Structures are given as C-alpha cells and as structure tokens.
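This report covers the fold of one chain, two residues with an unusual backbone angle, and the enclosed spaces in the model. The sequence and structure come first.

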Number of protein chains: 4
Amino acid sequence: MGEKKQAGEYVWFIPDCYYPEVTSPGHYVSHEAICVLNTGPEDAQIKLTLYFEDREPQDNFKAVCPARRTRHIRLDQIKDDNGNGIPKGVPYAVMIESSCPIIVQYSRLDTTQAEIGLATTMAYPMR
Amino acid sequence: MGEKKQAGEYVWFIPDCYYPEVTSPGHYVSHEAICVLNTGPEDAQIKLTLYFEDREPQDNFKAVCPARRTRHIRLDQIKDDNGNGIPKGVPYAVMIESSCPIIVQYSRLDTTQAEIGLATTMAYPMR
Amino acid sequence: MGEKKQAGEYVWFIPDCYYPEVTSPGHYVSHEAICVLNTGPEDAQIKLTLYFEDREPQDNFKAVCPARRTRHIRLDQIKDDNGNGIPKGVPYAVMIESSCPIIVQYSRLDTTQAEIGLATTMAYPMR
Amino acid sequence: MGEKKQAGEYVWFIPDCYYPEVTSPGHYVSHEAICVLNTGPEDAQIKLTLYFEDREPQDNFKAVCPARRTRHIRLDQIKDDNGNGIPKGVPYAVMIESSCPIIVQYSRLDTTQAEIGLATTMAYPMR
C-alpha cells in the first residue's frame with residue numbers, strides 16, 4: 001500500500017444478526033461471521049457492541065485483527081470478558097469499533113433445516 | 001457513543017420486497033424483515049411507505065425502534081392503521097423514514113419450496 | 001416527498017449477472033430481477049446495456065418505471081427491440097441508465113438444482 | 001458513455017472469501033467469483049492481493065478485464081505466477097487493484113452439502 005491512505009473505516013454496523021438455535025446434521029454448523037480486513041501496518045483492536053430489542057446493549061466482546069491480515073470472527077465461538085457467548089435465537093445488531101481503519105463484511109450460514117441458507121453483505125460504515 | 005455524531009441516515013430504500021405466498025413445513029415460515037439499529041439516545045419513530053407496480057403507494061405502516069435498541073420489523077406480522085397486512089405474492093418496494101438517524105438492513109427467508117432461500121443486503125440510504 | 005431532493009441516482013451497475021440454463025420442477029423458475037424504485041413525480045425511462053466477456057455490449061433493452069411505482073424487471077422475460085431475450089448460461093453485467101433518479105437492487109433465484117439459491121444486493125450507483 | 005466520467009473505482013475489498021473444500025454431486029461445483037465490469041475504453045490490468053489469518057499476504061494473482069467487457073474471475077480456476085491456486089478451506093480476504101476504474105461484485109456458490117447456498121454483495125470500494 002505504501003503512501004496510499006489506509007483503506008476502510010473505524011466504525012461499522014450490522015443491524016440484522018441472528019444466531020440460529022438449531023443445526024441439522026451435515027458438514028456445517030449454523031453460524032454467523034463478522035469478517036474483518038486490516039490492510040494497514042498496525043494491529044486493529046476491535047470492540048463489538050451488541051444491541052437487542054428488549055435489553056441494554058452489551059459491549060464486552062473483543063477481538064484483534066493483526067496488521068495485513070484478515071480475521072473472520074465467528075459469532076458462535078466468541079466469548080465476552082465474563083466467558084459468555086452470544087445469545088441464541090434472539091434478534092440482535094452489532095456495532096464494530098476498531099483502533100485503525102478496517103473493512104467489514106457480515107455472513108450467515110443457516111443450517112436450521114436440512115439445507116443451507118447462505119447470505120452476505122458489506123457492513124454499513126460510519127463516515 | 002458520547003460526543004460522536006449519531007450513526008446512520010433518516011431515509012432508506014429497499015426496491016426488491018416480496019412476501020411469498022407459500023410456506024413449506026419446517027422450522028421457519030417464509031418472511032421478510034426490515035432490521036433497524038438505533039444507536040442514539042432518542043426513540044426512532046419509523047414510517048414505512050410501500051410502493052407497488054400497479055397501484056398508489058401505501059404509507060400507513062408504522063414502527064418504533066427505541067433508543068439504543070435494534071428492531072427487526074417482521075413484514076409478515078406488521079399491520080397498518082386499518083389492521084391490514086402486507087399483500088402477499090406481489091412485488092413491492094419500501095421507503096423507510098425515521099425521526100432520528102438509523103441503520104437499515106433487509107433480509108428475506110423463503111421457504112416456498114422445501115429448502116431455505118436466505119438473502120440479505122443493506123438498504124440504500126438517502127444522503 | 002414534497003420539497004425533498006429526489007431519491008436515487010441516474011446510473012447503476014451490476015457486474016455479476018447470470019441467467020441459469022436449467023430449472024428444476026417446483027414453484028419457482030430460475031430468474032434474475034433488476035428491481036427499480038421511482039419515488040419521484042416523473043416516469044423513469046430506463047435503458048439496460050449488457051456487457052459480456054467475449055462480444056460487444058448490447059444496449060437495446062428498455063423498460064419504464066412509472067412515477068411513484070416500483071418495477072421488478074424480470075430478466076428472463078425482457079426482450080430487446082428485435083424480440084431477443086437475454087442469453088442463457090453466459091456471464092454478463094448490466095448498466096442501468098434512467099431519465100430520472102431511481103434506486104436499483106438486483107436479485108437472483110437459482111433453481112438449477114432441486115433447491116433454491118437466493119441472493120440479493122443493491123446495485124452500485126454512479127455518483 | 002462518451003463524455004461522462006468513467007464509472008467505478010481503482011481499488012476494492014472483499015473481507016469474506018472462502019473456497020469450500022467439498023462439492024456435492026450436481027450441476028454446480030462450489031466456487032467463488034470476483035465479477036468485474038469495465039465500461040471504459042482501456043483494458044483493466046487487475047492485481048489480486050490475498051490476505052490470510054495466519055500468514056503473509058500473497059499478491060501474485062493477476063487478471064485482465066478488456067475495455068467494455070465484464071470478467072467473472074473464477075477463484076477456483078485462477079492461478080498465480082507460479083501456477084498455484086487459491087488455498088481451499090481457509091478463510092481469506094481479497095484486495096482488487098485495477099489500472100482503470102472498474103466495478104466489482106463478489107458471489108459465492110456453496111454446494112458442500114447437497115443443496116445450494118448462494119450469496120452475493122458488491123465489494124467495498126476505496127474512495
């Protein structure tokens with residue numbers, strides 16, 4: 001990248017998150033991923049804030065995306081500072097805040113029924 | 001968020017909406033959702049205007065997304081001021097207008113045939 | 001909308017179009033749709049230019065989206081000025097040009113195999 | 001296009017790439033595609049840089065999208081300067097750099113299980 005401005009933004013949003021409660025037998029488990037790309041020279045310190053329909057936001061999920069790396073944050077595996085995972089079967093939304101510019105994409109693989117449902121979108125950046 | 005500018009926009013658009021007429025047996029029913037994130041300190045008063053191919057727009061669907069909450073508006077469940085739902089099996093589009101900045105994502109789960117079709121995209125903001 | 005600036009852009013792009021050659025038995029046929037929303041007071045005269053991998057662009061597909069209407073242009077049904085349809089089984093891309101600002105979303109439903117593949121994204125606007 | 005400014009951007013990003021290891025019998029093989037549209041009068045010389053979670057980026061994948069053409073770059077078929085393909089079963093991200101403005105969309109078709117998972121999104125442009 002050299003002299004170019006660093007790619008991406010500091011804050012991103014994903015309004016439609018959902019961690020399915022059910023997984024059918026097969027190769028995949030139902031999961032969501034927040035996929036981060038950090039093309040810059042510094043590690044990105046990332047904080048996730050979860051927003052719900054009926055309770056206060058939770059802001060104690062953290063991740064790191066090293067310099068010039070990608071990090072596919074699996075939302076079925078991440079734990080907060082107290083060891084708690086993402087609640088299942090509940091609509092939620094996520095704000096991603098990073099210490100340096102990153103690019104963020106959201107994907108969901110749903111195997112609740114026998115077949116796959118696959119969906120992806122770029123997250124929405126704050127500019 | 002504190003001193004930061006509030007995230008999002010006041011008006012969003014979703015050109016491709018469709019409420020399938022058929023649902024197969026299984027865990028899920030066919031549905032669409034307009035997923036709203038309000039990171040700000042005020043409740044968002046939301047108005048949906050539906051556009052059709054062959055008739056006048058309908059603008060009497062309303063919803064609220066409270067401060068610092070998400071709201072996943074299920075289009076198979078919302079009713080207008082007269083108690084009418086979204087028409088099924090008809091192509092339509094939606095304009096979302098909010099009293100404060102929000103972020104909007106659209107998702108569709110189609111179980112018309114036995115398997116799942118899952119699709120998502122950020123809505124298009126007016127800037 | 002009244003005094004507000006009209007929503008949308010005049011030119012949009014969809015790089016990944018593909019009209020599948022095969023449809024399995026079931027409720028749906030494989031199809032793509034370019035979904036247009038026109039919130040303004042004038043009818044939108046729309047021209048589609050198709051780009052291919054191995055031949056000159058084709059720019060003789062037209063459509064109209066009336067004022068304050070949506071139009072879900074089915075790419076398996078549209079005909080050019082000579083009565084020809086979109087070629088099947090060939091990668092292509094589309095530029096959409098409109099006489100007034102519109103918002104454009106692209107969706108594909110693939111029933112080549114028994115199950116549904118459903119995908120959607122906002123088109124990319126020229127600003 | 002004539003006197004209009006050329007459409008698109010020089011640099012694009014796709015944080016969530018994944019080349020599935022498994023393909024079920026059927027019409028389709030699992031694949032990803034980076035779909036490029038070049039509406040301008042010059043051929044686009046394209047360089048792909050792959051970012052990984054646990055190793056240095058790889059920047060020796062190249063492609064060309066001729067003037068006024070689309071090019072759907074199949075990531076299961078592309079080879080780098082040494083004849084190596086994209087690694088399978090590993091999360092990665094891609095930066096696309098072009099010698100002239102292009103528009104980029106990413107799609108994935110997953111046939112790991114018997115059914116299709118289909119997903120698409122516009123890539124994220126550097127502006």
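## Fold of chain A

Chain A has eight strands and zero helices. The model is a predicted one. Read from the N terminus, the order of elements in chain A is β-β-β-β-β-β-β-β.

Chain A has 127 residues, and 65% of them are buried. Among the contacts in chain A with a separation of 6 or more, 71% join residues 24 or more positions apart. The exposed surface of chain A is about 4,700 Å², with 47% of it supplied by carbon and sulfur atoms.

## Arg68 in chains C and D

Most residues other than glycine have a negative phi. C:Arg68 is not a glycine, yet its phi is positive, at about 50°. D:Arg68 also has a positive phi, near 50°.

Where in the chain do these residues lie? C:Arg68 is in the loop that runs between β4 (58-65) and β5 (69-74) of chain C. D:Arg68 is in the loop between β4 (58-65) and β5 (69-74) of chain D.

Are they buried, exposed or partly exposed? C:Arg68 has a relative accessibility of 36%, so it counts as partly exposed. D:Arg68, at 37% relative accessibility, is partly exposed as well. Both values fall between the 20% limit for buried and the 50% limit for exposed.

## Cavities

Rolling a probe the size of a water molecule over the atoms shows where empty space is left. In this structure there are seven cavities of 30 Å³ or more. The two largest compare as follows.

| Cavity | Volume | Nonpolar lining residues | Polar lining residues | Charged lining residues |
|---|---|---|---|---|
| Largest | about 400 Å³ | 16 residues | four residues | four residues |
| Second largest | about 50 Å³ | four residues | three residues | two residues |

The largest cavity, with about 400 Å³ of space, is lined by 24 residues, and those closest to its centre are A:Met122, A:Tyr124, B:Met122, C:Met122 and D:Met122. Two or more lining residues come from each of β7 (117-122) and β8 (124-125) in chains A, B, C and D.

Which residues line the second largest cavity? From chain C they are C:Asp16, C:Tyr106, C:Arg108 and C:Ala119, and from chain D they are D:Gln105, D:Ser107, D:Leu118, D:Ala119 and D:Thr120. At least two residues each come from β6 (92-110) of chain C and from β6 (92-110) and β7 of chain D. The most is given by β7(D), which supplies three residues.

How values were computed
Residues are numbered from 1 along each chain as its sequence is written. Chains are lettered from A and ligands numbered from 1 in the order in which they are written. This is a predicted model: local features need pLDDT of at least 70, side-chain atom pairs count only at pLDDT 80 or more; totals for chains, interfaces and linings use all residues. Side-chain values use heavy atoms; hydrogens and water are left out. Helices (H or I, at least four residues) and strands (E, at least two) are DSSP runs, numbered from the N terminus. Buried means under 20% relative accessible area, exposed over 50%, partly exposed in between (1.4 Å probe, protein chains only). Contact means heavy atoms within 4.5 Å. Accessible areas come from the Shrake-Rupley method with a 1.4 Å probe; for residues, only the protein chains shown count as cover. On a 1 Å grid over the protein atoms alone, a cavity is a set of points where a 1.4 Å probe fits but cannot get out, and a pocket is an open set with protein on both sides within 12 Å along at least five of seven lines; lining residues have an atom within 4 Å of a point. Grid points are joined across faces, edges and corners, and a volume is the space filled by probe spheres set on the points. Ala, Val, Leu, Ile, Met, Phe, Trp, Tyr, Cys and Pro count as nonpolar, Asp, Glu, Lys and Arg as charged, and the others, Gly among them, as polar.
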